[in-house]
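Open the model in your viewer and keep the selection box ready. Each stop below says what to select and what is there.

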Amino acid sequence: APASPPIEDAVTTGERLVTHADANDDLDARAHARLALADTWLSLGLLAPALALVHEADSFAPTSAAVLEHRVALLPRAARLREAAEATQTLARANPTTANLLATVRAWLRAEDITEAFRALNELHTRVPDDPQAAALRVSFARLRHGLGDAPPLLACLLECAAQARRRDDR
């Protein structure tokens with residue numbers, strides 16, 4: 001008999017891992033088996049089955065960093081930008097690194113929710129007030145908001161950001 005193509009083998013192996021994980025009560029194992037199979041589907045360029053598996057994994061381990069990272073990566077590809085921003089924000093709150101906090105601001109901007117982007121930007125500034133990327137993003141955001149007409153408070157924000165940047169440069 002001819003050998004199965006490697007792609008079919010990978011999908012079959014992934015499906016077996018899901019079946020095996022489902023036989024146990026370990027919710028993390030069930031979630032991770034689905035994430036592994038989702039990665040296989042993604043490697044084949046098939047977003048819909050991958051996203052369905054990530055959704056299933058989320059039902060088993062909604063606070064898992066791996067599940068959140070998969071949601072953050074896949075939801076924008078499915079044009080589900082608000083859900084992606086929410087997942088990014090959840091990940092950033094669980095692991096508040098500068099990169100995760102910056103990603104949250106950007107995710108809300110992609111979702112076109114300026115109010116949430118501004119909240120995320122304020123949280124970023126509170127947690128890492130001296131970060132140059134955060135300061136640059138604050139300046140850009142202030143310019144954007146200023147260009148939209150909300151001048152007095154945002155001009156003050158822009159001037160404060162510029163002053164903070166100058167103080168950092170003087171160190």
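Start with the whole protein chain: from the N terminus on, its elements run α-α-α-α-α-α-α-α-α. That comes to nine helices and zero strands. Helices (H or I, at least four residues) and strands (E, at least two) are DSSP runs, numbered from the N terminus. This is a predicted model, in which local features need pLDDT of at least 70 and side-chain atom pairs count only at pLDDT 80 or more, while totals for chains, interfaces and linings use all residues. Residues are numbered from 1 along each chain as its sequence is written, and side-chain values use heavy atoms, with hydrogens and water left out.

Colour by burial next. Buried means under 20% relative accessible area, exposed over 50%, and partly exposed in between (1.4 Å probe, protein chains only). Of the 171 residues in the protein chain, 39% are buried. Show the surface: the protein chain exposes about 9700 Å², and carbon and sulfur atoms supply 56% of it. Those areas come from the Shrake-Rupley method with a 1.4 Å probe; for residues, only the protein chains shown count as cover.

**Helix H3**

Select residues 47-60. Helix H3 has 14 residues and reaches 20 Å from its first C-alpha to its last, close to the 20 Å expected at 1.5 Å a residue. The expected span is 1.5 Å times one less than the number of residues. Show side chains for Ala50, Leu51, Leu53, Val54, Ala57, Asp58 and Phe60, the buried residues of H3. They cover an arc of only 165 degrees around the axis, which puts them on the same side of H3. The arc is that of the directions from the helix axis to the C-beta atoms. Now turn to the other side of H3, where Ala48, His55 and Ser59 are exposed. Add helix H2 (27-43) and helix H4 (65-74): both are included in what covers the buried residues of H3.

**The cores**

Which residues touch the most other members of the largest nonpolar core? Select Ala31, Val67 and Leu74, out of 19 residues in that core. Helix H1 (6-22), H2, H3 and H4 are the elements that give two or more residues to this core. A nonpolar core is a set of buried Ala, Val, Leu, Ile, Met, Phe, Trp, Tyr and Cys residues joined through side-chain atoms within 4.5 Å. Apart from it lies another core, of 15 residues, among them Leu102, Trp108, Ala117 and Leu124.

Zoom in on Val67. Not counting residues up to four places away in sequence, Val67 touches Ala31, Leu35, Val54, Ala57, Asp58 and Ala61. Contact means heavy atoms within 4.5 Å.

**Helix H6 and Asn100**

Select residues 98-110, helix H6, and find Asn100 there. Asn100 is buried, with a relative accessible area of 17%. A polar atom of the side chain of Asn100 lies 2.8 Å from the backbone oxygen of Asn95. Leaving aside neighbours within four places in sequence, Asn100 is in contact with Thr88, Leu91, Ala92 and Asn95. Other buried residues of H6 include Leu101, Leu102 and Trp108.

**Two loop residues**

Most residues other than glycine have a negative phi. Select Glu112, just after H6: its phi is positive, about 60 degrees. Glu112 lies in the loop between H6 and helix H7 (114-127), and at 70% relative accessibility it counts as exposed.

Finish at Ala79, in the loop between H4 and helix H5 (81-94). Ala79 has a positive phi of about 60 degrees although it is not a glycine. Ala79 is exposed, with a relative accessible area of 62%.

Key
A polar contact is a pair of N or O atoms within 3.5 Å; within protein, one must be able to donate a hydrogen and the other to accept it, and residues adjacent in sequence count only if both atoms are side-chain atoms.
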